[in-house]
Amino acid sequence: SGSLLARHTTRIDAAITAAANELTAHLGLDRGSLRITAFPAAIATIVVPLLSLLDREFPGIRVEFAEDDPEQALRAVTDGRSDVALHYRYADHGGWAQPLTSGEGLRSRFLLSEEVLAVLPRSDAERFGAHATLHDLLSLGWIGGHATCTDRLVTLAEKHGHRADVRHDVSKTDSALALVSSGIGATFLSRLALETTPLPDDVVAIEIRPAVRRRVYATTLDD
């Protein structure tokens, strides 16, 4: 799984640069303050480096940050409680969900595309190899909850007429990994989440085929 994540690093670096460009070009940092709301997996990988960059380039600016899920992050922008939302959208019905546009009073800039990976006990990963299909993974119990991407896989399974066996619901990534490490099931995490989440020795992240992807955007009001 280390090589999978290493290939993702350059995309994250590009996303940080794109986010910084969007903020400087669209918002204008002469206002003296900037409010950012982002989904949890983006904090360590995008938000923290972005805040460091802004602090170096614009040392007088006051930056405020809040963590929230994608829908609430967007609502914070539309309600005027945040200047920019970092959020994601999954592909749907074989194509990408469209970014938000000026017709909705918002402007979105694409930052990066990332895959969702299956996180399994090593013994199960060795049976599947480097990747597994959704059908393969249905043979395992699933660990879901706010800290995971499992809900998306449940939706995909239902679209194909299958019912996933979701046995546990967790709010923290390390809780999901502890359950996987115990051997009782699999969970699903994004590459961004796995960038800063060490896996236990008996846990492996593998690719899903066909790939499950989501796109990350920076969205502001379309002034």
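Biologist: Let me start with R127: how do you know that its charged end sits over the ring of F128?

Modeller: This is a predicted model, and in it the charged end of R127 is 4.9 Å from the centre of the F128 ring. The distance cut-off is 6 Å from CZ of Arg to the ring centre, so 4.9 Å passes. There is also a limit of 35 degrees from the ring normal, and R127 is listed as sitting over the ring.

Biologist: Which ring does R214 lie over, and at what distance?

Modeller: R214 lies over the face of Y88, at 3.8 Å from the ring centre. That value is also within the 6 Å cut-off.

Biologist: Y88 sounds sociable. Why is its pair with Y90 called edge-to-face?

Modeller: The whole structure holds 4 aromatic pairs. For Y88 and Y90, the ring centres are 5.5 Å apart and the planes stand at 75 degrees. Centres must lie within 6.5 Å for a pair, and planes over 60 degrees apart count as edge-to-face, so both tests are met. F39 joins Y88 and Y90 in one aromatic cluster.

Biologist: And are Y88 and Y90 buried or partly exposed?

Modeller: They fall on either side of the line. Buried means under 20% relative accessible area. Y90 has 16%, so Y90 is buried. Y88 has 21%, so Y88 counts as partly exposed.

Biologist: What makes F110 and Y217 an aromatic pair?

Modeller: Their rings are 6.1 Å apart, centre to centre, with 70 degrees between the planes. Since 6.1 Å is within 6.5 Å and 70 degrees is over 60, this pair is edge-to-face. The pair links distant parts of the chain, with F110 in strand β5 and Y217 in strand β11 (residues 212-221), 107 residues apart. F110 has a relative accessible area of 40%, so F110 lies between the limits of 20% and 50% and is partly exposed. Y217, at 3%, counts as buried.

Biologist: Strand β11 also holds R215. Why is R215 called partly exposed?

Modeller: Its relative accessibility is 26%, which is not under 20% and not over 50%, so R215 is partly exposed. The C-alpha atoms of R215 and E114 are separated by 6.4 Å, though the two residues are 101 apart along the chain.

Biologist: What about E115: how do you know whether it is buried or exposed?

Modeller: E115 has a relative accessible area of 7%, which is under 20%, so E115 is buried. E115 lies in strand β5. Leaving aside neighbours within four places in sequence, its contacts include L189, S190, E207 and R209.

Biologist: How do you know that β5 and β9 pair, and in which sense do they run?

Modeller: Two bridges are enough for pairing, and 4 bridges join strand β5 (residues 106-121) to β9, so the two strands pair. They run antiparallel. One bridge partner of β5 in β9 is L189, which faces L117. In β9 (residues 187-190), T187 and L189 point one way and F188 and S190 the other way, and all are buried.

Biologist: And what makes β10 largely enclosed?

Modeller: In strand β10 (residues 203-209), 6 of the 7 residues are buried, so the rest of the structure largely encloses this strand. On the β5 side, 4 bridges pair β10 with β5 in the antiparallel sense, and P121 stands opposite V203. Strand β6 (residues 131-133) is joined to β10 by 3 bridges, and those two strands run parallel. There, A132 has I208 as its bridge partner.

Biologist: Which residues have the most contacts inside the largest nonpolar core?

Modeller: They are I46, L86, L111, L112, V119 and L192, in a core of 36 residues. Helix α2 (residues 9-27) gives the largest share of this core, 6 residues. Another core lies apart from it, with 24 residues, among them L120, A164, V204 and V212.

Biologist: And for the whole protein, what share of the residues counts as buried?

Modeller: Of the 223 residues, 48% count as buried. The protein has 9 helices and 11 strands. It exposes about 10700 Å², and carbon and sulfur atoms supply 48% of that area.

Note on methods:
Residues are numbered from 1 along each chain as its sequence is written. This is a predicted model: local features need pLDDT of at least 70, side-chain atom pairs count only at pLDDT 80 or more; totals for chains, interfaces and linings use all residues. Side-chain values use heavy atoms; hydrogens and water are left out. Buried means under 20% relative accessible area, exposed over 50%, partly exposed in between (1.4 Å probe, protein chains only). Accessible areas come from the Shrake-Rupley method with a 1.4 Å probe; for residues, only the protein chains shown count as cover. Rings of Phe, Tyr and Trp (its six-membered ring) pair if their centres lie within 6.5 Å; planes under 30 degrees apart count as stacked, over 60 as edge-to-face and the rest as tilted. A nonpolar core is a set of buried Ala, Val, Leu, Ile, Met, Phe, Trp, Tyr and Cys residues joined through side-chain atoms within 4.5 Å. Contact means heavy atoms within 4.5 Å.
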